[in-house]
Amino acid sequence: ASMGYVALAVTYVAGYLFLVFVAICLACGLYYLAELCEEYTSLTKRVIYWAIIAILIEHVLLLVFERLPWQLVLLGMGSHCCYFQLLKSFPFLQLSSPAFLLSCVAVAVCTYGWVAHFASDYHSPAFVLGFLLANCWLVPFAFFISLSVNESVLPSNQHLGASQAFSEPGARRGKTQSGILSVFDFFRSKKEELMPGLTKKV
C-alpha cells in the first residue's frame, strides 16, 4: 500500500530536521576541534605528521595488494608528499604559497579521479565516502581546522591581543578568537540578538 499525504509530509519534515541536527552536530564538533588545535599546536602538528605517514603506508599497501588504478594511487601519494611541504611551516600557512595552491589542486584532482573510478565500478555510497575521507580529505580537513591556529600565532595578532588586554580596563582577559572560531562566535552573537529571551532561559 502506498503512503498517504500525511505520512509523506511527516517523513519529509523529519528528514529535513535530521539534516539540520546533523549540521549542528558537525558545527559543534568543528568548533571543538578548532579549540583543541589552538590549545595544542605542537600536538596537532604531530598528529597530522603521523596521519600522513599512515596514509602513505596505506597507499603502498593499496598499490601492492589491491587492483586499483596505479595512477590514482601514485597521485594520492604525491598529494600527501605536498602536504609534507605545508607541514614544514606549520602552523604558519601561506594561502598564496605554491605548496598550498598545489595541495588544493591535488585534493580536487584526487577526489575527481576516485569518484570517476567508483562511478564506473559500482560501490556503496558508504564505501566511497569512507575511502575518500581516509585517502583524500582527512589531512586537508586537518589543515583546514588549523587555519585558526595560523591566525592566532601571527605576531601582529598576538601584539594586538596584548595591547587590548592592557589598554582596555573592562575588556575580557582571554585568548583572542580567530579563524573558524570567529565565524562560530559571529553566528552565536547573531542568535543571541535574534532570540535574547530564549538564550537567557537556556
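This passage looks at a pocket, the nonpolar cores and the aromatic pairs of a predicted model.

The second largest pocket is a good place to start, with a volume of about 300 Å³. Its lining comprises 15 residues, and C37, T44, V47, I48 and A142 are the closest to the pocket centre. Helix 1 (5–39), helix 2 (41–65) and helix 5 (125–145) each give two or more residues to this lining. Sorted by class, the lining holds 13 nonpolar and two polar residues, with no charged ones.

I48 appears again in the largest nonpolar core, a set of 13 residues in which I48, I52, Y83, L87, V139 and F143 have the most contacts. Two or more core residues come from each of helix 2, helix 3 (70–88), helix 4 (98–120) and helix 5; helix 2 provides the largest share, four residues. Beyond its neighbours within four places in sequence, I52 touches H80, Y83, F84, L87 and V139. There is also a second, separate core of 10 residues, among them L72, V73, F118 and L132.

F118 leads on to the aromatic pairs, of which the structure holds eight. W114 and F118 are stacked, at 5.9 Å centre to centre and with 25 degrees between the planes. Both residues belong to helix 4 and sit four residues apart, about one turn of the helix, and both are buried. The pair F127 and F131 is also stacked, because its planes lie at 25 degrees, with ring centres 6.4 Å apart. These two are four residues apart in helix 5, so about one helical turn separates them. F127 counts as partly exposed at 40% relative accessibility, whereas F131, at 10%, counts as buried. Ring pairs join W114, F118, F127 and F131 into a cluster.

Key
Residues are numbered from 1 along each chain as its sequence is written. This is a predicted model: local features need pLDDT of at least 70, side-chain atom pairs count only at pLDDT 80 or more; totals for chains, interfaces and linings use all residues. Side-chain values use heavy atoms; hydrogens and water are left out. On a 1 Å grid over the protein atoms alone, a cavity is a set of points where a 1.4 Å probe fits but cannot get out, and a pocket is an open set with protein on both sides within 12 Å along at least five of seven lines; lining residues have an atom within 4 Å of a point. Grid points are joined across faces, edges and corners, and a volume is the space filled by probe spheres set on the points. Ala, Val, Leu, Ile, Met, Phe, Trp, Tyr, Cys and Pro count as nonpolar, Asp, Glu, Lys and Arg as charged, and the others, Gly among them, as polar. A nonpolar core is a set of buried Ala, Val, Leu, Ile, Met, Phe, Trp, Tyr and Cys residues joined through side-chain atoms within 4.5 Å. Buried means under 20% relative accessible area, exposed over 50%, partly exposed in between (1.4 Å probe, protein chains only). Contact means heavy atoms within 4.5 Å. Rings of Phe, Tyr and Trp (its six-membered ring) pair if their centres lie within 6.5 Å; planes under 30 degrees apart count as stacked, over 60 as edge-to-face and the rest as tilted.
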